[in-house]
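Student: I'd like to go through this structure with you, from the overall fold down to single residues. Can you take my questions one at a time?

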Amino acid sequence: MKYIVMLLGCLSVSVASTNALAQPAAPSALQVRSWAAGCANCHGTNGVAQAGHVSLAGQNADLMLKNLLDFKEGRRPATLMHQLAKGYSDAELKAIATYFAAQKN
Ligand code: HEC
């Protein structure tokens, strides 16, 4: 009996984790900020770049997402961004673009 209870416990845990994989939660604000921090070396802290680099802060979110997807799909030629953009899902790129659009330039 004890064994069956333990077995049922294991089964419900695996069902719960399968559901979590099927429907990923929206990324947390902290998660999005840490993705955006990966862009800071070239695009500046919070997207405000030094002279000679493109600032992302305050850009239109839809346009930024389009640019990122164009890099990812190879529609826009690039030296770097075509590779970087491939590291993120479309939903992650949207979250990052929304984050930078909300930053003050
Ligand atoms: C190693 C430097 C580097 C990093 C890191 C980097 N970028 Fe870029 N980014 C560039 C360069 C260089 C360009 C110009 C296109 C090219 O040659 O790749 C660019 C262009 C862009 C553009 C197009 C801007 C415009 O208005 O035309 C966007 C949007 C962008 N980057 C977003 C990001 C995001 C979001 C991240 C982080 C996930 C990021 N970049 C990380 C170097 C970088």
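**Fold and layout**

Tutor: Sure: from the N terminus on, the elements of the protein run α-α-α-α-α-α. Helices here are DSSP runs of H or I with at least four residues, strands are E runs of at least two, and both are numbered from the N terminus. This is a predicted model, where local features need pLDDT of at least 70, side-chain atom pairs count only at pLDDT 80 or more, and totals for chains, interfaces and linings use all residues. Residues are numbered from 1 along each chain as its sequence is written.

Student: How many helices and how many strands are there in the protein?

Tutor: The run of elements is α-α-α-α-α-α. That gives six helices and zero strands.

Student: What percentage of the residues count as buried?

Tutor: A residue is buried if 20 or more other C-beta atoms lie within 10 Å of its own, exposed if 12 or fewer, and partly exposed in between, with C-beta atoms placed from the backbone. Applied to the 105 residues of the protein, the buried share is 14%.

**The ligand shell**

Student: Which residues come nearest to the ligand?

Tutor: Near means that the C-beta atom, placed from the backbone, lies within 6 Å of the molecule. There are 16 residues around the ligand, and the nearest are Cys 39, Cys 42, Ala 78, Thr 79 and Met 81.

Student: Which helices each supply at least two residues of that shell?

Tutor: Look along the chain at 40–43, 61–72 and 81–85. Those helices are α3, α4 and α5.

Student: How do the shell residues divide into nonpolar, polar and charged?

Tutor: Ala, Val, Leu, Ile, Met, Phe, Trp, Tyr, Cys and Pro count as nonpolar, Asp, Glu, Lys and Arg as charged, and the others, Gly among them, as polar. On that scheme the shell has eleven nonpolar, five polar and no charged residues.

**Helix α4**

Student: What should α4 span, and what are its end C-alpha atoms apart?

Tutor: The expected span is 1.5 Å times one less than the number of residues. α4 has twelve residues, so the expectation is 16 Å, and the distance between its end C-alpha atoms agrees at 16 Å.

Student: Why do the buried residues of α4 line one face of the helix?

Tutor: The buried ones are Met 64, Asn 67, Leu 68, Phe 71 and Lys 72. Take the directions from the helix axis to the C-beta atoms, which define the arc. Seen down the axis of α4, the buried residues line one face because they fall within an arc of 135 degrees.

Student: Which residues are exposed on the other side of α4?

Tutor: The buried residues of α4 pack against α5 and α6 (90–101), where a contact means C-beta atoms, placed from the backbone, within 7 Å. On the other side, the exposed residues are Asp 62 and Leu 63.

Student: Where does Leu 65 stand, and which residues is it in contact with beyond four places in sequence?

Tutor: Leu 65 lies in helix α4 and counts as partly exposed, with 19 C-beta neighbours inside 10 Å. Its C-alpha is 5.8 Å from that of Lys 94, 29 residues apart along the chain. Leaving aside neighbours within four places in sequence, the contacts of Leu 65 are Leu 93, Lys 94 and Ala 97.

**Core and loops**

Student: Which helix gives the largest share of the largest nonpolar core?

Tutor: Such a core is a set of buried Ala, Val, Leu, Ile, Met, Phe, Trp, Tyr and Cys residues joined through C-beta atoms within 7 Å. The largest one has twelve residues in all, including Ala 36, Leu 56, Met 64 and Ala 85. α4 and α6 each supply at least two of them, and the largest share, six residues, comes from α6.

Student: Is Leu 56 buried or exposed?

Tutor: Leu 56 sits in the loop between α3 and α4. Its contacts beyond four places in sequence are Cys 39, His 43, Gly 47, Met 64 and Phe 100. With 25 other C-beta atoms within 10 Å, Leu 56 is buried.

Student: What is the phi of Asn 46?

Tutor: Most residues other than glycine have a negative phi. Asn 46, in the loop between α3 and α4, is not a glycine, yet its phi is positive, about 55 degrees.

Notes. Two residues are in contact if their C-beta atoms, placed from the backbone, lie within 7 Å.
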